[in-house]
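Here's a quick walk through one protein model and its ligand. Have a look at the structure first, then read on.

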Amino acid sequence: MVLNTVSSAMDDTAFSAVARTAAEYGLGCEATAPAEIPGYRPLDNDRALRAWYLPAEGFIDARAWLATLEAALAALPNAIRTPAGTLTAAPGGGYLLDTPTGAFRAPRAVVAAGAWTTPLLEALDPDLPVVPVLAAAGTAVTVAGPEPWPRVVRTPNRAYACGLHAVPQADGTLYLGASAQAALTPTARPTAGALRFLLDAALSQLDHGLAGAGIVRTHHGNRPLSLDGHPVIGPTVREGLWVASGTHREGLHASPLIASVLADALLAPAPMTGTLSGPLAAFAPCRELIADHTLKEAAAEAATHHAALAAEARMRPPLTGAWPQALTDAYAARMENAYAAMPDGYVPPPDLAPLAYENTGPALAELAAAHLARHARAHR
Ligand SMILES: Cc1cc2nc3c(=O)[nH]c(=O)nc-3n(C[C@H](O)[C@H](O)[C@H](O)COP(=O)(O)OP(=O)(O)OC[C@H]3O[C@@H](n4cnc5c(N)ncnc54)[C@H](O)[C@@H]3O)c2cc1C
């Protein structure tokens, strides 16, 4: 993990937090000379002066892993795979899944449709007070470089996003990730801006030798990001209807835990209602919205992310008068206004701040107000 200056002091804080957390969990975290990192060849102006070597940190080729899961699923005798369909409450109880390849009825249904979860639930029951799931669109690129890299090289998490990373793939190519753009509904393809950002950052901050690398593939996905930024997992207030979504940037890592907790709960001899036990208990789909910050704190945190984004884009203020401070004050004022326009009881997590301050602000406020009203009606 490299610490360079193509961001803000947020990187310093995250870099220190990595060492603290590694120490807390007894994992290795050793200072290493950036120049000795295999593959790492940034432009001089963007080079890191500090880096951590994290010997216990693993990495996988996500596509190879997904193919393995597909094969395991296909081998299960009692799993039926269908194209997308509609889900309705079946007359007399249970749920009906109507698909182009047949209709299926079951006493219980788990909706795990990622960033597409909310419209499915709304079509089933518009009064269901499940925390809405939005999208954090993400783009990445796989390139074929001159030689395979032995390990991941990455920055800490950065403004509104997961930071810059290069992940070696099973076939010797290199995955460069990732952009993040909050959206009210999933988006279908990478934007030119996301690709430009990614290639500029990766080539200048990680390896300028990749300038001649072939583009093997662009990736585009929609991370399921809930209204309060936390997972939405477990039974709903509707008998037999479960949800598993809202994992945002951690769904792959968290999937073994989520799968085992859900399987245990669904297969328990006595049908479960209420909330799951254990580490997922706090994330019940019909819970109150979780606020990690007060409105003021959240707006200040979002202003910090905003300033970091400007630094990442290499924005430099004029050095006349008090421009740097004027920009800082302007970011703070913009966030305070955007956060003040949200309905009482809703504090957007920093990841959703761009939706609050862009022209999507009124739609986000409306979505939050409708959810809060639905929740209040259901819990009256
Ligand atoms: C660029 C990028 C990088 C990421 N990096 C990481 C990482 O390093 N580590 C990590 O842990 N996570 C990472 N994530 C996040 C991770 O991908 C998500 O958290 C995870 O995929 C969420 O899993 P899910 O099953 O809830 O949703 P999804 O994986 O989105 O799956 C939802 C599925 O539902 C299907 N669907 C939609 N509508 C319907 C319908 N009507 N009927 C039936 N099916 C439907 C969709 O086609 C889709 O297959 C990343 C995401 C992106 C975009």
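What follows covers the ligand shell, the domains, a helix pair and two backbone details.

## Ligand shell

Keep in mind that this is a predicted model. So who sits around the ligand? There are 24 residues in its surroundings, and the closest of them are G114, G138, G221, G251 and L252. Sorted by class, the shell holds 11 polar, 10 nonpolar and three charged residues.

As for where those residues come from, three elements each give at least two: β8 (133-144), β13 (214-226) and α5 (251-267). Which one has the largest share of the shell? That would be β13, with four residues.

## Two domains

The protein splits into domain 1, made of 2-57 + 134-226, and domain 2, which covers 295-378. Measure from C-alpha centre to C-alpha centre and domain 1 and domain 2 are 25 Å apart.

The two do touch: 11 residues of domain 1 are in contact with 14 residues of domain 2. On the domain 1 side of that contact, you get eight nonpolar residues, two polar ones and one charged.

## A pair of helices: α6 and α7

Helix α6 spans residues 295-312 and helix α7 spans residues 323-340. Their axes come within 8 Å of each other and cross at roughly 135°. Why call α6 oblique to α7, rather than roughly antiparallel? Because the antiparallel label is kept for angles over 145 degrees, the crossing at roughly 135° makes α6 oblique to α7. The handedness of this crossing is right-handed.

Which residues make the contact? From α6 it's L295, A298, A299, A300, A302, A303, H306 and A307, while α7 brings T328, Y331, A332, M335, E336 and Y339. By class, the α6 and α7 contact comes to 11 nonpolar, two polar and one charged residues.

## Backbone details to check

Two spots are worth a look if you're going through the torsions. The peptide bond joining G177 and A178 is cis, with omega at about -15°. A178 belongs to the loop between β11 (174-177) and β12 (181-183).

The other spot is H248, which isn't a glycine but has a positive phi, near 50°. Where does H248 sit? You'll find H248 in the loop between β15 (241-245) and α5, and α5 is also one of the elements that supply at least two residues of the ligand shell.

Conventions
Residues are numbered from 1 along each chain as its sequence is written. This is a predicted model: local features need pLDDT of at least 70, side-chain atom pairs count only at pLDDT 80 or more; totals for chains, interfaces and linings use all residues. A residue is near a molecule or strand if its C-beta atom, placed from the backbone, lies within 6 Å of it. Ala, Val, Leu, Ile, Met, Phe, Trp, Tyr, Cys and Pro count as nonpolar, Asp, Glu, Lys and Arg as charged, and the others, Gly among them, as polar. Domain bounds come from an automatic or database domain assignment. Two residues are in contact if their C-beta atoms, placed from the backbone, lie within 7 Å. Axes are lines fitted to C-alpha atoms, for helices over the stretch in contact, and angles run from 0 to 180 degrees between N-to-C directions. Angles under 35 degrees count as roughly parallel, over 145 as roughly antiparallel, 65 to 115 as roughly perpendicular and the rest as oblique. A crossing is left-handed if the near helix is turned anticlockwise from the far one by less than a right angle, and right-handed if clockwise.
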